[in-house]
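These are my notebook entries on one protein chain. I record below what I looked up, one part of the chain at a time.

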Amino acid sequence: MASGRARTMSLRLRVTAVAMVVVAVTLVATGFLVARWLRSSLLDDADQQLSTQVAFVAELAQHGELSPTLTATGIDTGQVQVITDQHVVVAVSPGLAATVRLDVFPAPPAGAQAAATVPGPVVGGSGSTHYRVVARTVDTPAGTLTVYAASSLRAAEKSVAALVAGLWVGLPLLTLLAAVGIWLVVGRSLSPVERMRREVAAISGSRLDERISAHARAAELDRLAATMNGLLERVDHAATARRQFLADASHELRSPLASARTQLEVALAYPDRTDWPATAREVLVDVSRLQSLAGELLDLARVDGAGRSPFTARLDLGALVADELARYNDERLSVVVTEAWVVADAALLVRLVRNLVDNAVRHARLRAQVSVTIEGDMAHLRVSNDGEPIPEQDLARIFEPFTRLDEARANDDGGAGLGLSIARSVAEVHGGTLLAEPCAEGATFVATLPLA
């Protein structure tokens, strides 16, 4: 349980960490864009003010109304200089423009306007404050003049610096708050999973009939609960089948052992009156039954093992069936086969054929037929006999381990009821099927295998 809790917390921590990184990157990018937008907006405002001032002075110059002293908006804002094409200052505003030159970049062509941001010392300013300079060249009665206007960007830079400082403080706090919120939300979202884990952990091997409640209020978790319940259903079914198998196997093993022991005990109790050869023959029959049952159990275990790691080869099912039927010296048997190549475990396929043919010979009265045909992309092995028909309600049951119909039990021919179960398992291991067809007379079994 501790390891399960650690894994849940680890997932919670990973989700929170990833989400926190995403939130932090998003907030930083947003803060960067906002700072750039604010700086650009303030710069546009400064350009607009300076452009208005430059246009006004340029219009005065064009009308010959330019005064040597111009009005400024402040000591270091709205400063104006008018310079001729011979770089002579003809008009200035009191303040910064009266002490330094503002023509820090070449004059634009006549009728054009240019703008630039320059460090403060370039125009006589102090510190790290930048200045915005706008220039326009116009033709006037006095010749070509260039109007320069400059303003300090101190206020704009202070605003941007305040915003950046606020972001440095606010972004970590927002990221931390987002992390706390995400941690709580993820924890609440994973609580149904933890509840399911506790419910599964509480299910013991003797209580496989219990199921997980699916009230998770989320479609994904409901599907998870349904999937886990399906798994528990299969495990419960497998455990039930295993218990039934063990009980049936124990019963089948107990009968010949009990019979052999009884005969030996009676013979030892009355040794002088015992026909020892007859007793040995009877005990040998029981030993043969035990040997046959052990062989069938080993075959069943081998089929289950092949389902996990099959050893396959390409072989002709028709030729394999023909070779196997050559072993039988029974006039009731007839065979019609065609070439049908499949990919299979040869030993397991031989076991499937033998089990079906042995079953047909055991129950046949006058005839037993075996055929191999091809239908579509499947090879069909059909084995039929003219014995007693299988009741329709038993067509599926006869493939269960240790299942023998009443007439088979009455005959007591030595079969343990594993042959058909092994044959079906072999067919399914190879991606095929084995079915019993309903017949009015006798029985017909059809095994299908994919063609190579």
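I begin with a term that I need for a later entry: two strands pair if DSSP finds at least two bridges between them. I also note that the model is predicted.

**Entry 1: the whole chain**

I counted the elements and found eight helices and 12 strands in the chain. I then looked up burial: of the 452 residues, 37% count as buried. The accessible surface comes to about 25600 Å², and 60% of that belongs to carbon and sulfur atoms. I also looked at contacts between residues at least 6 apart in sequence, and 60% of them join residues at least 24 apart.

**Entry 2: the end of the chain, β11 and β12**

I looked up how β11 (residues 433–437) and β12 (residues 443–450) are arranged. They pair in the antiparallel sense over five bridges. In this pair, leucine 434 of β11 stands opposite alanine 447 of β12. The hairpin has five residues between the strands, and there glycine 442 takes a positive phi near 70 degrees. I also checked the two faces of β11: Leu434 and Ala436 are on the covered face, whereas Thr433, Leu435 and Glu437 are on the uncovered one.

**Entry 3: serine 425 and histidine 430**

I moved back along the chain to helix α8 (residues 419–429), which holds serine 425. Is serine 425 buried or exposed? Its relative accessibility is 18%, and the cut-off for buried is under 20%, so serine 425 counts as buried. I recorded one distance here: serine 425 and phenylalanine 399 are 26 residues apart in sequence, and their C-alpha atoms are 9.2 Å apart.

Histidine 430 lies in the loop between α8 and β11. With a relative accessible area of 13%, histidine 430 is buried. Which residues does histidine 430 contact, leaving aside its neighbours within four places in sequence? I found Val343, Ala344, Asp345, Leu348, Leu449 and Pro450. One polar contact is listed as well: the side chain of histidine 430 reaches the backbone nitrogen of aspartate 345 at 2.9 Å.

**Entry 4: β8, aspartate 345 and α6**

The contacts of histidine 430 led me to β8 (residues 341–344), where Val342 and Ala344 form the covered face and Trp341 and Val343 the uncovered one. Strand β8 pairs with β6 (residues 313–316) in the antiparallel sense, over four bridges. Leucine 315 stands opposite valine 342 of β8.

Aspartate 345 caps the N-terminal end of helix α6, with a side-chain oxygen 3.0 Å from the backbone nitrogen of alanine 347. I checked the length of α6 (residues 346–363): at 1.5 Å a residue its 18 residues should span 26 Å, and its end C-alpha atoms are 26 Å apart, so the two agree. I noted the buried residues of α6, among them Leu348, Leu352, Asn355 and Asn359.

In the loop between α6 and β9 (368–375) I found leucine 366. Is leucine 366 buried or exposed? Its relative accessible area is 70%, and exposed means over 50%, so leucine 366 is exposed. Not counting residues up to four places away in sequence, leucine 366 touches Arg332 and Asp386.

**Entry 5: β1 and its partners**

I next looked up β1 (residues 79–84), in which six of six residues are buried. Both faces are covered: Gln79, Gln81 and Ile83 are on one side, and Val80, Val82 and Thr84 are on the other. Strand β1 pairs with β5 in the antiparallel sense over six bridges, and threonine 84 stands opposite leucine 145 of β5. Three bridges join β1 to β2 (residues 89–92), again antiparallel. These two strands form a hairpin with four residues between them, and histidine 87 in the turn has a positive phi of about 65 degrees.

Serine 152 lies in β5 (residues 143–152) and is buried at 13% relative accessible area. The side chain of serine 152 reaches the backbone nitrogen of arginine 154 at 3.1 Å.

**Entry 6: helix α2**

How far apart are the end C-alpha atoms of α2 (residues 154–202)? I found 70 Å; the expected span for 49 residues at 1.5 Å a residue is 72 Å, so the values agree. I also noted a bend of about 35 degrees at serine 191, with proline 192 following within four residues.

Technical notes:
Residues numbered from 1 in each chain as written. Predicted model: local features only at pLDDT ≥ 70, side-chain atom pairs only at ≥ 80, totals over all residues. Heavy atoms only, no water. Buried < 20%, exposed > 50% of the residue type's maximum accessible area, 1.4 Å probe, protein only. Contact = heavy atoms within 4.5 Å. Areas by Shrake-Rupley, 256 points an atom, 1.4 Å probe, with all protein chains shown as cover. Expected span 1.5 Å × (residues − 1). Bend = angle between axes of the 7 residues up to and from the residue. Polar contact = N/O pair within 3.5 Å; in protein donor to acceptor, adjacent residues only side chain to side chain.
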